[in-house]
Amino acid sequence: MALKIVKGSIDRMFDKNLQDLVRGIRNHKEDEAKYISTCIDEIKQELKQDNIAVKANAVCKLTYLQMLGYDVSWAAFNIVEVMSSSKFTYKRIGYLAASQCFHESTDVIMLTTNQIRKDLSSPNQYDTGVALTGLSCFVTPDLARDLANDIMTLMSHTKPYIRKKAVLIMYKVFLKYPESLRPAFPRLKEKLEDPDPGVQSAAVNVICELARRNPKNYLSLAPLFFKLMTSSTNNWVLIKIIKLFGALTPLEPRLGKKLIEPLTNLIHRIMSADRSVYIPFLVARVRTKGESMSVLKYVKAMFVFVVKYLGLLAMSKILKTHPKSVQSHKDLILQCLDDKDESIRLRALDLLYGMVSKKNLMEIVKKLMLHVDKAEGTTYRDELLTKIIDICSQSNYQYITNFEWYISILVELTRLEGTRHGHLIASQMLDVAIRVKAIRVFAVAQMATLLDNAHLLTGNVQRKGICEVLYAAAWICGEFSEHLDNPTQTLEAMLRPKVATLPGHIQAVYVQNAAKLFATVLKSQEGNTDSTAAQETSQLMIDRLPLFVQSANLEVQERASCILQLVKYIQKLQQKDVEIAEEVIALFAGELNPVAPKAQKKVPVPEGLDLDAWINEPPSESESEDEQPRAIFAKEEPKHSRPRHTEVDEKELAKRREARKQEQANNPFYIKSSPSSQKVYQEAPGVEHIPVVQIDLSVPLKVPGLPMSDQYVKLEEERRQKDRADKKKKEKKKRKEKRSGRGKRHDSGPESEEDITPAHMVDIVTEEMPEVPSRISNTISPSTLWVFDDKKSSKHKKKKQKKEKEEKEKKKKKKHHHHHHHSDGGGEESVQNGTVEEEEPLPVSRDGPDQVNDIQGNLQDGSQVVVSVIFENKCDSFLKSMEFNVLDSLNSKLQRPEGSGPHDGLTVPFQLPPGQSNVCLFVIHYLLFVVVFPQNEDSSTHEKLDFKLHFTCTSYLISTPCYSDAFAKLLESGDLKCSSVKLEGVVMPFHHLLARICFRHHFSVVERIDSCASMYSRSIQDHHVCLLVKTSGQTVSIDAKCDEPTLLGNVLDEIKQTFSQC
Amino acid sequence: MPFASFCGTTHSFISHSHCVSQLLCLSVISSFQMQFMLLFSRQGKLRLQKWYVPLSDKEKKKITRELVQTVLARKPKMCSFLEWRDLKVVYKRYASLYFCCAIEDQDNELITLEIIHRYVELLDKYFGSVCELDIIFNFEKAYFILDEFLLGGEAQETSKKNVLKAIEQADLLQEVRHLMKSMWGR
């Protein structure tokens, strides 16, 4: 043995220690991996040895290797071995390694529970400290559950060093095991007033973090924190408290007002202490009214301190409440856009969004466009792009006065390389083109150019995203083809073979819109005398379409083959010199109108209309087939009445269409929002109620040629000046009219902007824009337990108070147990007064079940008590199943069947018909708190019934029969302490009195002679308790003897109380 | 920002919408003040890492790699804060060593900067004008100091004196080992 030790230490001399390893790695720069693999082999050898020092050294090296990125999970067990070393030196290394290498899925963590518990209760504070530190890194739900009580005890440790750590780690425990929050919270709250500032700040930290998750439950602590804030001088603590108030003020507005003064003081104090960097933070966190005005002053000063980022951050917070005050700092923010730092630029961008107005929109966007050109890095550029579009399109294009400018901005954006936001641009183009009628001519011209130059957009693989724009371009050109200057050319561009490389959904749009274009071209060409041009166009279609018919995309295939057949048919007719352009056009006739997403709701149901009844019998199969070709353009609607056609089948078609129109007019689900269509359907009621605002246009500027967005800025200036000049001439009356005409629009922006008339107006669907979802709260609330029934808000307050009361009581008990535990292991009995059970009515209107409890020690097992709970159903419904659960606490635990989890409830093994009761026994290790969940069959709701059991010390007595000779011997032995009590005014018969003591306090009668009786009982810890009860008249005197004086005193107190109540 | 919430009193997490799957883990547990701290050299060599959120080794490596690259690419005059994924990263360079912390979105950047600085001061006091080599060769000491200063991502002791006192006393317990080391002349 001795030889082995010597050999071990000799070996060790030749082992590498950590320094050697580090040096070695540095010396083997070229073949590091190889060197480390030999090192790992050595370490594996070292780990096999028995010597703990060698092992610790190996583990230390492993920790280093782990940091370098090598997998050391295979050594997890060895780490646990080192952790459990008794020497601090090794223990420290072991815990360090564990905290670095272990994570939740490490299975050996389970083995550490007992070791950690041992270390936590170690007399050496550094052992405890090291264990706590380690635990903070690898705590799992299981560990948290098992160790919660130990850590909670440590929160009242004598050494602040330990208290501090224990308080902090409690937060981790709460997160992993939320149930622990309830019992631990009172103690945590106590720590707020701990004499040690470190512990105090730790408690503030923890409560602050908890409150951030679920502020509502911590409002009651506000006064306490307010006191702390005004008294504390520790900046770290102050920041945390202010953060906490930031979470609380939204819930309690009065708090904000109260905070202004102390906060201002604080700012001045800190300002003078030259720690100005904290200011915006301190303040921005608490968003109150009067305050942020003064804050701006400081925020501006921030820029001097080059802490631009924080300044911007603070501004964005103020912007939400005081947009105007921030707007004045526009230049400052625009400067930030030039900053080298990306995070600053992004922040500045956020701010710009809130700062635009009609006046400065063009200027700001121009500036942004410059940045787009300069920007390197696609993320930032994409961000810019989305911001530009966001800024322009916010609140229904409220700030855009010239849409030609906007379209050209969008077109310019398509030139961006590698952006992912093609889709966004496309949807903007579509939106604007559809909603702003006056812009269509211009938009179509631009889109035609885009289509013509499609190869620029699709040529590069990297530009995949941008080709989405072609979707919009093709659609706009097709839909509004009547505005095209040269439709034939565009048609040709749309049918280029290259198109086949585009994504399927875009090709589909191409094919469809080629057909629309074809119709337009046909119309224009048929007017001419020469019919060959028209036939050439048809030929072009027939030549090019087969390419799409072969497409792999089903949609493209279907549309292409359908249109191909159509064109072939048209060609046949053309050869017979039949004029068909009108009919082809009719295929795509109609007008699209924007409809608000919720517009349908606004349509009132006409009187006498039964929505469930068939208006017409369900259409036959053939009819629905007939409708199919139209279904492709489901969004479209006939607007003008069609010219009558000569052919018979066309007539029939028209007839059917008329019938359908009629049906649609009567059908309130069919939206005909176009106001111009009202002429056609004047007889139809309800149509005019559809909330679509009439498009109202002032005269747009005609700009010839291909404009660049820049020129609009200039034009806009001119236009505004002209407007202003015009306006002066105008009479007041006219002005008034105009205003009232614009009344429908959102009242927007500062008043001065009223003077700027938009060049184009947007179709603004004023009502029913989709609601912005309110901020989704995404907080973790481990404190849900803290108040059980959040839902039953009416009872909320009452319950909470109740809970608190219970908490207090529990605490009292805990302390007591604790005390006993330390003083003498034997006196485990809790000493409490009163046996009255407290009942709480079910939080519903009906009478709930009712319980009466009896608590008795368990004969078989000294550490258990049996609680018999009487369930009585007082309500008139049948209780199908009930569950009984106990929140395990420090000193008590519900005895559950093996295999069930620690939080599972016990199912009560019977059902309760109304008005009946039954008894059920539960075995509980020192139970303190019981929850019953009755489940009601009718409503099948789960209801919780909280109640509470008092564990009196006589609960722990076991009624044991005793023979009189043994009893006499016991009394003679002299080990017993004596005590007595006198009860006055007891009127009950003597045998009732005895029965009551027997029943309530678990005694048994040993002997009774006339008005004198001796009684005996023993506690589950085998303490004997003997009583001699004598009565004369109304006076009862009780002499008691017991080998445990505390128990004796408390038993007597209890008996006294029992009789004082009757 | 993606997050998670407890569902009742159970442990089940409900993850939110737009988080990328790989980030899911990060976001679920992003409820601590500081998420992690990394020390790395100008060459991108990791010198110390401390994670206050339990992540698998793979994720840790991925995050480390990305972050080191991002931070090293930044120019000296740039601001010390940057938004990265859904976290805020606060970093500062001391000589050849970068100190880099990740915090939650709502957390205070400046206090994090202060924490970094205080940690550097602690190292400086302990080692006596600290240099990168001190941290390389005594990396466990650097960890011990950090553990005394921060616990579970929260500053546990703001007094430098107290931290150093705790470390020194713990070291005293280790004295025996030091003696043995000096015997063998490290």
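How far apart should the ends of helix α42 (residues 1045–1060) of chain A lie at 1.5 Å a residue, and what is the distance between its end C-alpha atoms? For the 16 residues of this helix the expected span, taken as 1.5 Å times one less than the number of residues, is 22 Å, and the end C-alpha atoms are 22 Å apart, which agrees. The model is predicted, so that local features need pLDDT of at least 70 and side-chain atom pairs count only at pLDDT 80 or more, whereas totals for chains, interfaces and linings use all residues. Residues are numbered from 1 along each chain as its sequence is written, chains are lettered from A and ligands numbered from 1 in the order of writing, and side-chain values use heavy atoms, without hydrogens and water.

Chain A has 42 helices and 14 strands, defined as DSSP runs (H or I, at least four residues, for helices; E, at least two, for strands) numbered from the N terminus. Of its 1062 residues, 53% count as buried, that is, under 20% relative accessible area with a 1.4 Å probe and protein chains only. In α42(A) the buried residues include A:L1047, A:L1048, A:V1051 and A:F1059, together with A:N1050 and A:E1054. The buried residues of α42(A) pack against β9 (957–958), β10 (977–983), α41 (990–1001), β12 (1012–1019), β13 (1024–1032) and β14 (1035–1042) of chain A.

Helix α5 (residues 76–83) of chain A is mostly covered, with six of its eight residues buried, namely A:A76, A:N78, A:I79, A:V80, A:V82 and A:M83. Among the elements covering these residues are α3 (32–48), α4 (52–68), α6 (88–101), α7 (109–120) and α8 of chain A. A:F102 touches A:A76, A:I79, A:V80 and A:M83, among others including A:F138, where contact means heavy atoms within 4.5 Å.

A:F102 and B:Y119 have the most contacts inside the largest nonpolar core, which has 242 residues; such a core is a set of buried Ala, Val, Leu, Ile, Met, Phe, Trp, Tyr and Cys residues joined through side-chain atoms within 4.5 Å. Helix α30 (residues 504–526) of chain A gives the most to this core, with twelve residues. Apart from the largest core lies another, of 26 residues, among them A:L983, A:V986, A:F1003 and A:C1042.

Terms used
Buried < 20%, exposed > 50% of the residue type's maximum accessible area, 1.4 Å probe, protein only. Lists of a residue's contacts leave out its neighbours within four places in sequence.
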